[in-house]
Amino acid sequence: MLFRTYTLSFLCSVVVLLCFTTRAYAGCADIGRCCSGKSTSCKFSYGSSRSGRVCYCDDFCQKSGDCCSDYESYCLSRAQDCVMTYWSHWSHCTARCGLGTRERRREVHIPPSGGGKECGKRMQTKACYHNNERCYNNEIAQILPSYHNRKRNVPDKYERPSVLKQIKKDSYCVHYRVSSIAWYCRYASPYHVLKVGSSICVECHDTAMNAEGKCAGSYTGMRSRWRSLLGRPCHGSWESEGEKLENCRCGENPGKDFIFV
């Protein structure tokens, strides 16, 4: 009778232990979490304090083989695919002129979990070619003091009459503000009076125009380069103070008025 009592007590203890272990080893339902990727905090501890064990409820546990017993039933059955926002608009071309790149981005709205589909790329790039009328700025403006313009208006006695009767195009002016200037310009007259911030007028005469009616380097709305044509070398950069003025003539003030060549 005593043996039967001990046997029954032992069996009940085993059943209780098995029930406790099974419930404790459920894991994912207990912590109520299913994590994406590899997360050391997404775990459940079970067993005694001395021989305690740990199981995980993250995606990586499928590779490491330490998933909790209810990972498949609790996590995989409620897998969440990654949800991303819409793509942003394409950015401006990185190149001011010529070949460059543009990019667009998107963000993760809902991260994947429970073995759901991973997120895609967050950024895309593509090539671009910035091309407008201001991109043809490889030419450096060559300038002279405006008093040289007098010689342009004197007819050449050796020219044929048909040449003299050609229709001339109206001159135009561009006002610039000097952005930079070489240090040795101080020895080049009349450029020696120019400083950073100086305002000058540059005239485009008919004889200096190309077939399109423009002078080389006469850019507006942007920063461009210039250099002296005669005398001591001098060069720098400038930025226009507005659009070109049609049918305009600059004066003959030394160091303030120039002509395109």
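Cys201 and Cys250 pair as a disulfide, with 1.9 Å between their sulfur atoms. The torsion about this S-S bond is about -70°, so the bridge is left-handed. Cys201 sits in strand E9 (residues 199-204), while Cys250 belongs to the loop between strand E12 (245-246) and strand E13 (257-260), so the bond ties together parts 49 residues apart in sequence. The model is a predicted one.

Both ends of this bridge can be placed by accessibility. Cys201 has 7% relative accessibility, so Cys201 counts as buried. Cys250 has a relative accessible area of 12% and is buried because the cut-off is under 20%.

The Cys201 pair has company. Searching the whole structure gives eleven disulfides. A disulfide is a covalent bond between the sulfur atoms of two cysteines. Three of the bridges are described here, including the one between Cys34 and Cys75.

| Disulfide | S to S distance | S-S torsion |
|---|---|---|
| Cys34 and Cys75 | 2.0 Å | about -85° |
| Cys61 and Cys67 | 1.9 Å | about 95° |
| Cys201 and Cys250 | 1.9 Å | about -70° |

Take Cys34 and Cys75. Their S-S torsion is about -85°, so this disulfide is left-handed. The bond links distant parts of the chain, 41 residues apart. Cys34 is in the loop between helix H2 (28-31) and strand E1 (43-46). Cys75 is in the loop between helix H4 (71-74) and strand E3 (83-84). Are these two cysteines buried or exposed? Cys34 and Cys75 are both buried.

Next come Cys61 and Cys67. Which hand does their disulfide have? The torsion about the S-S bond is about 95°, so the bridge is right-handed. Cys61 has 1% relative accessibility, so Cys61 counts as buried.

The surface offers another feature. Leu229, Leu230 and Val261 make up a nonpolar patch there. Together these residues have about 230 Å² of accessible area. Where is Leu229 found? Leu229 lies in the loop between strand E10 (223-228) and strand E11 (235-240). Its relative accessible area is 35%, and Leu229 is therefore partly exposed.

To recap, the Cys201 and Cys250 bridge is left-handed, as is that of Cys34 and Cys75, whereas the bridge of Cys61 and Cys67 is right-handed. Cys250 is buried, whereas Leu229 in the nonpolar patch is partly exposed.

Conventions. Residues are numbered from 1 along each chain as its sequence is written. This is a predicted model: local features need pLDDT of at least 70, side-chain atom pairs count only at pLDDT 80 or more; totals for chains, interfaces and linings use all residues. Side-chain values use heavy atoms; hydrogens and water are left out. A disulfide is a pair of cysteine sulfur atoms within 2.5 Å. Helices (H or I, at least four residues) and strands (E, at least two) are DSSP runs, numbered from the N terminus. Buried means under 20% relative accessible area, exposed over 50%, partly exposed in between (1.4 Å probe, protein chains only). Patches are made of residues with over 30% relative accessible area and no salt bridge: like charges are joined within 9 Å, nonpolar side chains (Val, Leu, Ile, Met, Phe, Trp, Tyr) within 5 Å. Accessible areas come from the Shrake-Rupley method with a 1.4 Å probe; for residues, only the protein chains shown count as cover. A salt bridge is a side-chain nitrogen of Lys or Arg within 4 Å of a carboxyl oxygen of Asp or Glu.
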